[in-house]
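Reader: Hey, I've got a structure open and I'm not sure where to start. Can you walk me through it?
Author: Sure, ask away and we'll take it piece by piece.

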Amino acid sequence: MPTGFRLPGCLLAATVLALSGCRHADPPRPNIVLIVIDTQRKDHLGCYGNPRPVSRAIDSLAADSIRYDNAFSQAPWTTPSVGSLLTSRYPWELGIRGEPDRIGDEQVLLAEVLRQNGYHTGAAISHFFLSRKWNFDQGFDYFDERWIQGHAGVCSHGVSNQALHFLRSWAAAREGGSDDHEPFFLFLHYFDPHYNYISHERFPFAEELTYDGPITSGMRHEELFEMTAELSDADRDYLLALYDSEVAYTDFHIGRVLGYLRHNRLYDDSLIILTADHGEEFLDHGQLGHSKTVFNELTNVPLLMKYPNQVEGLVARDYIGLIDLMPTLLSYLQIPAPGPMSGVARSVRPDGAKGPVFSETSRLDADQVSVVRDGYKLIWDRKADRLALFDLRTDPGEREDLAADRADVVTQMKSLFWLWKAGSGTGDGGTPDAVEITEEERRALESLGYLRD
Ligand SMILES: [Zn+2]
């Protein structure tokens, strides 16, 4: 590893801080709400193009937010994705490869840093992969996990009830307390769009279809997945209608939380982030569900960021990772980093950043990594030793593999994996899985502007 080497992202972060030029005597301490919807496909929200009326509440948030079109989760399943978001460390640095792996005690979570800096911290989560047992309660004053209901359950109403309980308790403490009552950080995790897909009475999209196939509301996912190869277009449409009903149900209950914030004059001043830990595949590449691949339907997630008093919606084509959220928040709050972070602090306005952003999965015997940069995405299936290159500007659905025709781009992009492992440090929980670099790849990195001290 070269000495004096720094990830360009780190330099960018330092530059953003230096250029911001608006250091306050009193750093901003807005209330912060972080909403993660499990298994929420980007293209199934209205603000990202779903023609069904599924997301009135989220769309209204989007109208006041930066809407990122090129946001990527670091993994296509819950534990490593949310782990990266809350620590700004990559899954391999966290040592999260499979279902039993939990966040290490030594990791510093966003909630811990915020609590140390005067925040009252609360969470309501609904998946055991984010539970106390998986060590995600680090830094939370209030941590509710009673709405973990499993694949067959319905939980969004319960998560929102717990959110409102937290907010009302906070408001009561403020009314009864001193002027310097602490701000809150509230982390909400909703699970309903995750399989099994259930039709909700208020949103009967599936019932509106004429359908007499084998799919039923609430069907066990094991049973559904066994039918994958035989599913017709009509089956897929029906599945998507069920999924949309889950999205709309979740949105309705997120709307109750946003409504409380608006009604109590907490919305405008708050910093609100909404995203997903990963998407969901509905035969986009021949499969159902998530975890085993890093295609866009799983890793290109929705991301809305509403800064305090933001009143205009912006659309950003910047390349951003969920791993960047923690350094971005801490930079905005002028809180020093608690230790090494692998993400990049982003400016409060879109800045046209082009990446690279990395994703990975090693769950269920998979071994895939991907990098997106400047319109291209390279997927490396390490198990099959196969590389696939896509031009996301013309082919966001990743249909046409350009690897054979664009060997130059493949070499450049592949060299970034070396940069990723070398530049991210050794990590605290993971074992560095060093990527060999060839002379050709080293030259490619230099041509991209990296490896210069
Ligand atoms: Zn998930």
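Reader: I clicked on Asp-374 at random. Where does it lie?
Author: Asp-374 is in the loop between strand S12 (368-373) and strand S13 (376-381). Its phi is near 50°, which is positive even though the residue is not a glycine.

Reader: And is Asp-374 buried or partly exposed?
Author: Partly exposed, because it has 15 C-beta neighbours inside 10 Å. Ser-291 also counts as partly exposed, with 18 other C-beta atoms within 10 Å. Ser-291 has a positive phi too, about 115°, and is not a glycine. You'll find it in the loop between strand S8 (288-289) and helix H9 (296-299).

Reader: Ok, stepping back. How confident is the prediction? What's the mean pLDDT?
Author: Right, this is a predicted model. The mean pLDDT of the chain is 89, and 89% of the residues reach 70 or more. Two stretches stay under 50, though: residues 1-22 and residues 425-434.

Reader: What should I do with those bits?
Author: Where pLDDT is low, the predicted coordinates should not be read in detail.

Reader: Got it. How many helices and strands are there?
Author: The chain has twelve helices and 14 strands. It runs to 453 residues, and 49% of them are buried.

Reader: How many strands are in the sheet, and in what order?
Author: Eight strands make up an open sheet, ordered S4-S3-S5-S1-S6-S9-S2-S10, with mixed pairing. At the edges are strand S4 (142-144) and strand S10 (314-321), each pairing on one side only. Ignoring direction, neighbouring strands are turned by 15° against each other on average.

Reader: "Mixed" how? Which strands run parallel, say?
Author: Strand S2 (residues 66-72) and S10 are parallel and joined by six bridges. One pair to look for there is Ile-66 with its bridge partner Leu-314 in S10. On the antiparallel side, S2 pairs with S9 over five bridges, and Tyr-68 stands opposite Leu-303 in S9.

Reader: What else does S9 pair with?
Author: Strand S6 (residues 271-276) pairs with S9 in the antiparallel sense, over four bridges. In that pairing, Ile-273 stands opposite Met-305 of S9.

Reader: Why is S9 called largely enclosed?
Author: Because seven of the seven residues of strand S9 (residues 300-306) are buried, the rest of the structure largely encloses it.

Reader: Which helix packs on the sheet with S3, S4 and S5?
Author: That's helix H6 (residues 156-176), which touches strand S3 (120-124), S4 and strand S5 (184-190). The direction of H6 makes about 170° with that of S5.

Reader: And how do H6 and H8 pack?
Author: Their axes are 9 Å apart and meet at an angle of about 10°. The two helices are therefore roughly parallel to each other. Among the residues making the contact are Ala-163 and Leu-167 of H6, and Ile-254 and Val-257 of H8.

Reader: New topic: which residues touch the most others in the largest nonpolar core?
Author: Ile-35 and Leu-188, out of 118 residues in that core. Helix H8 (residues 233-263) gives the most to the core, with twelve residues. If you leave out residues up to four places away in sequence, Leu-188 touches Ile-35, Ala-124, Val-159, Ala-163 and Val-257.

Reader: What about H3, is it covered or open?
Author: Mostly covered: ten of the ten residues in helix H3 (residues 78-87) are buried. They pack against strand S1 (32-37), helix H4 (91-94), helix H5 (110-116) and helix H10 (325-333). Just after H3 comes Ser-88, with a positive phi near 55°.

Reader: Where are the cis peptide bonds you'd point me to?
Author: One joins Tyr-195 and Asn-196, with omega about 10°. Asn-196 is in the loop between S5 and helix H7 (221-226). Another runs from Gly-355 to Pro-356, with omega near 10°, and Pro-356 is in the loop between H10 and strand S11 (357-361).

Reader: Last one: why does Gly-279 count as buried?
Author: Because it has 25 C-beta neighbours inside 10 Å. Gly-279 sits in the loop between S6 and strand S7 (281-282). The C-alpha atoms of Gly-279 and Glu-297 are separated by 5.6 Å, though the two residues are 18 apart along the chain.

Technical notes: Residues numbered from 1 in each chain as written. Predicted model: local features only at pLDDT ≥ 70, side-chain atom pairs only at ≥ 80, totals over all residues. pLDDT = per-residue confidence, 0-100. Contact = placed C-beta atoms within 7 Å. Core = buried A, V, L, I, M, F, W, Y, C linked by C-beta atoms within 7 Å. Buried ≥ 20, exposed ≤ 12 C-beta atoms within 10 Å, placed from the backbone. Pairing = 2+ DSSP bridges. Axes fitted to C-alpha atoms, helices over the stretch in contact; angles between N-to-C directions. Parallel < 35°, antiparallel > 145°, perpendicular 65-115°, else oblique.
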